[in-house]
Amino acid sequence: MRMLMAVTLLAVVPFAAFAREAPPAADDPVLEERLMVLAGELRCLVCQNQTLAESQAELAVDLRNEIREQMRRGASDQDVIDYLVARYGDFVLYRPPLKATTLLLWSGPAILLLIGIVILTRSLTRRVHTVEAPLAEAARARAQELLGADGGAERS
Amino acid sequence: MIPEIGHFALILALLVALAQGIFPLVGAARGNLAWMRMGRTAALGQFLFVAIAFGSLMHAFISNDFSVLYVASNSNSSLPVQYRIAGVWGGHEGSMLLWLLILAGWTVAVARFSRHLPEEFVARAVGVMGLVSVGFLAFMLFTSNPFERLIPAAADGRDLNPLLQDIGMVLHPPMLYMGYVGFSVAFAFAIAALLSGRLDATWSRWSRPWTMLAWMFLTLGIALGSLWAYYELGWGGWWFWDPVENASFIPWLVGTALLHSLAVTEKRGAFKGWTVLLAIFTFSFSLLGTFLVRSGVLTSVHAFATDPARGIFVLVFLGIVIGSALLLFATRAQRIGLGGTFHPVSRESMLLLNNVVLAVAAGSVLLGTLYPLVLDALELGKISVGRPYFDTVFVPLMAPAMFLMGVGPIANWKKASLPDLATRLRWAFVVGLLTALLLPFAMGRWSAPVSLGLLMAAWIVTSSMAGLLERLRRSRDSGSILAKLGANSRSYYGMLLAHVGVAVFIAGATLVKGYETEKDVRMGVGDSVEVGGYGFRLERLSEVSGPNYIASRGEISVTRDGRAVTVMYPEKRSYPTQKNPMTEAAIDWGFYRDLYVAFGEPLDATTWVVRIFHKPFVEWIWAGWLLMALGGLLAVFDRRYRIAVGKPLRAPASEPLLREAGAAAAR
């Protein structure tokens, strides 16, 4: 496909006819893609808050080379992760593993949502059982009137 | 000499702020009108002194006064003048001063544009803002004085970080701070209402335009930050879930909840307690954001522990602000009352659900941002929380909110019926669904995530349109379509615009994620490559020198189907004073796609690793945020707030009645 496109390009762009197709930066683009997807979830350990994929720091380049080498030898993504965690700890993972200390982190949003929904339903049912004081309504209407005619004008 | 004037002005500002914080509040409690009125004068005085301090610091930057430590650390004599000005807020001390200047500015605005409000109320609000100011002034004077001298003076400055030498640095922080600090008005109004014990619909009406304005600035600030990261970092990403970004996103989420909750409080008198809480939390999170970004705690908990003065101060200040506000809320909560009743299926309940979702989303982002810090501080291990976590948690949470965005605005207040809503929205749903299913084919490849994202975007647009059409059909005006359109309020159109903005944003984010192409290639002069249907050819390489850097620049011609499209000039810059090389990506901006070319590393004198992206619809991301901000602006100028800038309301006669009404509603 790439060749086909290159050929069409060469055919339709006359002044590019003598040009060379720029080779991919990586020797093995498929492996490189896999590497970058994985590196996108890993932390560059010496950077301010950058992924291993983004960083140009020396350590990041070395680590990418190391991972590339391991992948070339047939290591799976999990093998690479295990290797890095053994060397640098969980700090290297942008997706924190589920364990005792991160239980609250991963369950937190669900707990918050549950609390929110419980409060919501309780407040809704409480409202259904309260009868609106007619006086309040009348007083608000007066207030509305005093605030100006357009106060309640927005149709809703 | 001038830096000393600035320092002295700050001390005077602190004294004035103390007066501004004490007299109006005490005056309001005792009914002393003269003391209450002192607030306005003090606010103006404080603004003047802070402005003098700010001007002095700016003068030190522009005149390259490297005997001032802060200037020596953040500027350089070869720095272009616009970045010397931006350098004022390029570091910790100066950004605190900017924060203060903006706070003083908002206070003056409140004092000026609230003449029609009861004196007592304005006095309390101005007083509360004065107290916040006292905290920040004391913080600056005791821990972060920007006017500290460097003796002997440095020969030249250490320069501003090259990443910050950009128009983004000139615009983004002031915009963001306008939003952060603007929420102090909502906070001050909420506290004033709590103090007076009169939390009624009028309070929320006064608070709404201010909150909306602050939200608009924060929206623009976040969008600018994202756009800046996109073109400056050379990675083509637009959001990184970086703690610094999260620090601004959390107040935005809570502020968005506040806007919606204020609407209900104003219209229906309900959720009063919740609205006040949100006002308190929105500002608290703004403070927390400032603290997170500025205390150094994000870089390392331990660095923070070794130099704790600043961090402890902000933490204590934060504790006092949030603690006292919540305490006040707790003591007044039982007096607040429920307000208007409504059915479990109604616009109120949907807005409440929207609030729950936004609050949970904000809580989750906060959890992910703070969790590693807490774990580290407790010595339970170091972990990183990044994009994979936030994507997993945030996106599923927001999906239901997007669905509600279509239903809520057309549901009736008090009581709505689900079958009725379903009937009214069925065509909107069908059109939205078809768009979402078919559009990916037009893009060349169907995928479930893209279709889902487009469904949300299309649904928001079609349901908004359905709502508008319904209003036009029901309109009693028999005149032209324009007259019918004109019958709706500006805040209604503001809401539509902001919601469509969300849709545009989702569409952009979805399409660019689904269909972008990237190629990393080795390019020598004369080499070409095809990306996303465009041909890129490196024509020549040259060395260029800027005011304070030298750069390798490439000239890349872009063609499509044989026709020349544009010429792009990516650069790799190196700044002599700050060693690290900077990628200056070349971007060809477009409505349907961006072409993005960034230099990587040089392989030899004539060959570079070049990263080329074709990013369809990426601009829609920021266009969406811009629409949201415009929607906010439109709502600020709604007719019913016009009184805010017009002549004073004839208050004396109506005020007792209002008070009675408020009290009655509270019972």
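I began with Asp561(B), which turns out to be exposed, because 12 other C-beta atoms lie within 10 Å and 12 or fewer is what counts as exposed. I then looked up where Asp561(B) sits, and found it in the loop between strand S4 (550–560) and strand S5 (563–568) of chain B. I also noted its phi, near 50°, which is a positive value in a residue other than glycine. I keep in mind throughout that this is a predicted model.

Next I turned to Asn64(B), whose phi is near 55°, again positive in a residue other than glycine. Asn64(B) belongs to the loop between helix H2 (33–62) and helix H3 (69–74) of chain B. I recorded Asn64(B) as partly exposed, with 17 other C-beta atoms within 10 Å.

One further loop in chain B held my attention, the one between helix H6 (119–143) and H7, where Pro152(B) lies. I checked the peptide bond from Ile151(B) to Pro152(B) and found that it is cis, with omega near 0°.

I then stepped back to chain B as a whole, in which I counted 20 helices and ten strands. Its C-alpha trace spans about 80 × 75 × 55 Å along the principal axes. I compared its radius of gyration, 27 Å, with the value near 26 Å that a compact globule of 667 residues would have, and the two agree. Buried residues make up 54% of chain B. Of the contacts in chain B between residues at least 6 apart in sequence, I noted that 74% join residues at least 24 apart.

Which residues touch the most other members of the largest nonpolar core? I found Leu100(B), Leu103(B), Ala125(B), Ala186(B), Phe189(B), Ala190(B) and Val254(B), in a core of 195 residues. Helix H7 (residues 167–196) of chain B gives the most to this core, with 18 residues. I followed Val254(B) further and, leaving aside its neighbours within four places in sequence, listed its contacts as Leu278(B), Phe281(B), Thr282(B), Phe285(B), Ala359(B) and Ala362(B). I also found a second, separate core of 21 residues, which includes Tyr534(B), Phe599(B), Trp608(B) and Phe613(B).

For a helix pair I chose H10 (residues 272–294) and H12 (residues 309–332) of chain B, whose axes come within 10 Å and cross at roughly 180°. H10(B) and H12(B) are therefore roughly antiparallel to each other. The residues making this contact include Val276(B), Ile280(B) and Phe291(B) of H10(B), and Val314(B), Leu318(B) and Phe329(B) of H12(B). I sorted the residues of the contact into 13 nonpolar, one polar and no charged.

I came last to chain A, where I found six helices and zero strands. Of its 156 residues, 22% count as buried. Contacts between residues 24 or more positions apart account for 36% of those in chain A with a separation of 6 or more.

Is Arg43(A) buried or exposed? I found that Arg43(A) is buried, with 23 other C-beta atoms within 10 Å, and that its place is in the loop between helix H2 (29–39) and helix H3 (58–72) of chain A. Although Arg43(A) and Phe91(A) are 48 residues apart in sequence, I read 7.4 Å between their C-alpha atoms. Beyond its neighbours within four places in sequence, Arg43(A) is in contact with Thr51(A), Leu52(A), Phe91(A), Val92(A), Tyr94(A) and, in chain B, Ser384(B).

Definitions and conventions:
Residues are numbered from 1 along each chain as its sequence is written. Chains are lettered from A and ligands numbered from 1 in the order in which they are written. This is a predicted model: local features need pLDDT of at least 70, side-chain atom pairs count only at pLDDT 80 or more; totals for chains, interfaces and linings use all residues. Helices (H or I, at least four residues) and strands (E, at least two) are DSSP runs, numbered from the N terminus. The radius of gyration is taken over C-alpha atoms; the globule rule is 2.2 Å times the number of residues to the power 0.38. A residue is buried if 20 or more other C-beta atoms lie within 10 Å of its own, exposed if 12 or fewer, and partly exposed in between; C-beta atoms are placed from the backbone. Two residues are in contact if their C-beta atoms, placed from the backbone, lie within 7 Å. Axes are lines fitted to C-alpha atoms, for helices over the stretch in contact, and angles run from 0 to 180 degrees between N-to-C directions. Angles under 35 degrees count as roughly parallel, over 145 as roughly antiparallel, 65 to 115 as roughly perpendicular and the rest as oblique. Ala, Val, Leu, Ile, Met, Phe, Trp, Tyr, Cys and Pro count as nonpolar, Asp, Glu, Lys and Arg as charged, and the others, Gly among them, as polar. A nonpolar core is a set of buried Ala, Val, Leu, Ile, Met, Phe, Trp, Tyr and Cys residues joined through C-beta atoms within 7 Å.
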